[in-house]
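Open your viewer and follow along, one selection at a time.

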Amino acid sequence: MKTVKVGLFGLGTVGTGVVRIVEGHHDDLLSQVGSPISIHKILVKDRSKARNVSIDPSKLTEDPWDIVSDPDIDVIVEVMGGVGQTKELILEALERGKHIVTANKDLMALHGPELLAKAHEKGCDILYEASVAGGIPIIRTLIEGFSSDRITKIMGIVNGTTNYILTKMSQEGAAYADVLREAQELGYAEADPTSDVEGLDAARKMTILATLGFRATVELGDVDVKGISSVSQEDIRYAKRLGYEVKLLGIAERQDDYISVSVQPTFVKASHPIASVNGVFNAVYVHGEAVGETMFYGPGAGELPTATSIVADLVAVVKNMKLGVNGRQANISYKEKKLKSDRQIASKYFMLLNVEDRAGVLMQIAQVFSECDVSIESVMQPPTPDRKGAELIIITHEASKESMNLVLKAFGELSAVRTVKSVYRVEG
């Protein structure tokens, strides 16, 4: 029963969780894989720093090459983040025959195909369950659970920070800036929250999910991204009045082998299960041609939830080592990538307009929609006693993105339309 030795890159929140689980669940892991698993070396920035977990100081190193070059280490667990140097280290580790478990969504979104190809070439595993939704085992589910099905849609709340902000805005009527500040104080948002609130973090995760779900290499530049910084209390009030919740959704769809991927604030029907996912929790909704609708829900971050996914990947690597099948996972991206055009991307839309308050305006608005081949489902004019002009709330039937862009262009040239205040995709 040879001990499987692990090199750990990073001893922050998640790295600490990995140590706790590997050491605290020693007997359970041994019974699953038939060999002891040991944390052999740990990369840290400062060896002298006080830790909230008991670590043998001799295991700590400030030089990542101590781990990469150590012939006794079988698996490297990477939870330090970063892209440039991290990619270089992992490629060299694969070259030396070491297996990789990573939680690095940036690395996998940008360089996943290259790293997976190198792993396959060297007969190594590279597993990355924790890179997308923390404790939710969605990657393994897409690869294995849906292996006999054909996925047509993946829709998810994959960023806990933005979901926390939108939940507080919806439930407490709080302003965006106030909730963002609170999220930063609680540690849910970084000092620079751009990656979260502008949808970039979610876009990287959707790149990974779409690549796995559709078996085609989706790149970050293929994702249409819009964040939540422009979502107002007015938008949320109107959404609730119409029976919707506002969520930052990642949406990946496939039709006739053409795909689209986007991240955007979306009006979700309150009756849809994903509309009730609140706080920092994540959820991923998957539609398969055979199975129909499924949804996976759980904590999207945190020390132990994320570490649980990492250690589950570690167990999978060790089991593969026992069977001698490392590096034999299927080449997921075997299909040609065909992106939908704006004419092929279709959904319902919510639109909030401020218009001139005079006769004939509604007819002009309706004519624009008609000329752009967009059908209107409903129109509402709420009272606006303290404002100039009138407010119009319009929900369309399903329309192409191309047609909606034509509508917006026409409204920009129509004097009766003072402002297009909000436009949102509608789901459910």
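Contact here means heavy atoms within 4.5 Å. Keep in mind that this is a predicted model.

**Stop 1: F350**

Select F350. What is F350 in contact with, leaving aside its neighbours within four places in sequence? Show Y238, L242 and F267. Add I393, I394 and I395. Finish with S422, V423, Y424 and V426.

**Stop 2: the cores**

Now widen the view. The largest nonpolar core has 72 residues. Within this core, F350 is one of five residues that touch the most other members, along with I138, L142, I165 and L209. Helix 11 supplies the largest share of this core, 8 residues. Another core, of 30 residues, lies apart from it. To find this second core, select V53, V75, V315 and V318, which are among its members. As a general point, nonpolar side chains tend to be buried together in soluble globular proteins.

**Stop 3: helix 8 and helix 9**

Select residues 160-172 for helix 8 and residues 176-186 for helix 9. Their axes come within 9 Å and cross at roughly 130 degrees. That makes helix 8 oblique to helix 9. The crossing is right-handed. Now show the side chains. From helix 8, pick Y164, I165, K168 and M169. They meet Y176, V179, L180, E182, A183 and L186 in helix 9. Colour this contact by residue type: 8 are nonpolar, none polar and 2 charged. Pause on I165, which takes part in this contact and also belongs to the largest nonpolar core.

**Stop 4: helix 5 and helix 11**

Move to helix 5, residues 105-122, and helix 11, residues 200-214. How do the axes of these helices cross? They come within 9 Å, at roughly 50 degrees. Helix 5 is therefore oblique to helix 11. This crossing is left-handed. On the helix 5 side, select K105, D106, M108 and A109. On the helix 11 side, select D201, R204, K205, T207 and I208. Colour these residues by type as well: 3 are nonpolar, 1 is polar and 5 are charged.

**Stop 5: A366**

End at helix 14, residues 361-371, and select A366 within it. Is A366 buried, partly exposed or exposed? Its relative accessibility is 35%, so A366 counts as partly exposed. Add I376 to the selection. This residue is 10 residues from A366 along the chain. The C-alpha atoms of A366 and I376 are separated by 8.0 Å.

Notes:
Residues are numbered from 1 along each chain as its sequence is written. This is a predicted model: local features need pLDDT of at least 70, side-chain atom pairs count only at pLDDT 80 or more; totals for chains, interfaces and linings use all residues. Side-chain values use heavy atoms; hydrogens and water are left out. Axes are lines fitted to C-alpha atoms, for helices over the stretch in contact, and angles run from 0 to 180 degrees between N-to-C directions. Helices (H or I, at least four residues) and strands (E, at least two) are DSSP runs, numbered from the N terminus. Angles under 35 degrees count as roughly parallel, over 145 as roughly antiparallel, 65 to 115 as roughly perpendicular and the rest as oblique. A crossing is left-handed if the near helix is turned anticlockwise from the far one by less than a right angle, and right-handed if clockwise. Ala, Val, Leu, Ile, Met, Phe, Trp, Tyr, Cys and Pro count as nonpolar, Asp, Glu, Lys and Arg as charged, and the others, Gly among them, as polar. A nonpolar core is a set of buried Ala, Val, Leu, Ile, Met, Phe, Trp, Tyr and Cys residues joined through side-chain atoms within 4.5 Å. Buried means under 20% relative accessible area, exposed over 50%, partly exposed in between (1.4 Å probe, protein chains only).
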